[in-house]
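Here are some notes on the model, as numbered points. They take up the packing first and the domains after that.

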Amino acid sequence: MMPGREKKITVPAIRQKKGGEKIVAVTAYDYPTTLFADAAGVDLILVGDSLGMVLLGYPTTLPVTMEEMLHHTKACARAKPRALLVADMPYLSYQITVEEAVRNAGRFIQEGGAEAVKLEGGEPVAEVIHRLVSIGIPVLAHLGMTPQSVHAFGGHRVQGRTDEAAKRLIEDAHIVEQAGAFAVVLELIPAALAKQITEQITIPTIGIGAGPYCDGQIQVLHDLIGLVPGEPFKHTKRYAHIGETITKALQQYAEEVRTGQFPTEEHAF
Ligand code: KIV
């Protein structure tokens, strides 16, 4: 952990960062990556439902279940991060009724060890956000390209490009703020629109593919460190090439086993 950054990050601490030091957020899906992310001094760790695509090989986030999300949230919570730990509510865990949303969000707090939940959408989920916040469950909202609506969008595409769509996103940002969300993720929207939203609302905006004017940034850890196959997305920067490092290390291991260089007496009993 970085010196001077030992104090536990809470929901009010994230809110207070509005307009100040940028919020640094990243996903993590298990115990070791939570430890590594926390050691880097990030402010917020999201157990994202992106784990469905990144870890489990699903084509979208839609097949991810509550049980899968709880399994990974518990693993992350065991790392006891200093960063705020937020669990992502999977598809159909909060859209059916407010009662189901309360039960499922409560499970993330009670069983999963999360400190807040994230859910996607604006006006249609405002009642859910309001209810969760009213019973003490902090909510991180998520607007723009919300992956659980991938079929409606016709793919993972930039949103808010037309005047009408931009107006709706601005309205939704005000609505989730009014409903009590402590911050809002803005995904894949034009930078100028993210700037407008950031200037208009009093809660922090945390962007991913939403340009530099948000109050913070969030990225998928595996994208940042090259632990996914293929080329990085336009909105991601690759800071390491861990996938290549793994393959190279295992090629060397295979070579050494085949040639008898490993194990040596040093590794034997
Ligand atoms: O599931 C996820 O990882 C997310 C982030 C991309 C914000 O929702």
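**Core packing and domain interface**

1. Start with Leu132. In this predicted model, Leu132 touches Met89, Ala101, Val102, Ala105, Val117, Leu119, Ile137 and Val139, leaving aside residues up to four places away in sequence.

2. Leu132 belongs to the largest nonpolar core, which has 56 residues. Phe108, Leu119, Ile129, Leu132, Leu186 and Ile197 touch the most other members. Helix H8, residues 163–179, gives the most to this core: six residues.

3. There is also a second, separate core. It has 17 residues, among them Leu140, Ala183, Ile206 and Ile218.

4. Now the domains. The protein chain is divided into domain 1, residues 11–238, and domain 2, residues 241–269. Their C-alpha centres lie 39 Å apart.

5. How many residues of each domain are in contact with the other? Four residues of domain 1 meet four residues of domain 2.

6. The size of an interface is often given as the accessible area lost when the parts come together. Between domain 1 and domain 2, the buried area is about 300 Å². Carbon and sulfur atoms give 66% of that area. On the domain 1 side, Ile225, Leu227 and Arg238 lose the most area to domain 2. Together they account for 81% of what that side buries.

7. Last, the polar side of the interface. The rule finds zero salt bridges across the interface of domain 1 and domain 2. The count of residue pairs in polar contact between the two domains is two, with both residues at pLDDT 80 or more.

Key:
Residues numbered from 1 in each chain as written. Predicted model: local features only at pLDDT ≥ 70, side-chain atom pairs only at ≥ 80, totals over all residues. Heavy atoms only, no water. Core = buried A, V, L, I, M, F, W, Y, C linked by side-chain atoms within 4.5 Å. Buried < 20%, exposed > 50% of the residue type's maximum accessible area, 1.4 Å probe, protein only. Helix = DSSP H or I, 4+ residues; strand = E, 2+ residues; numbered from the N terminus. Contact = heavy atoms within 4.5 Å. Domains from an automatic or database assignment. Buried area = accessible area lost by both parts, 1.4 Å probe. Salt bridge = Lys/Arg side-chain N within 4 Å of Asp/Glu carboxyl O. Polar contact = N/O pair within 3.5 Å; in protein donor to acceptor, adjacent residues only side chain to side chain.
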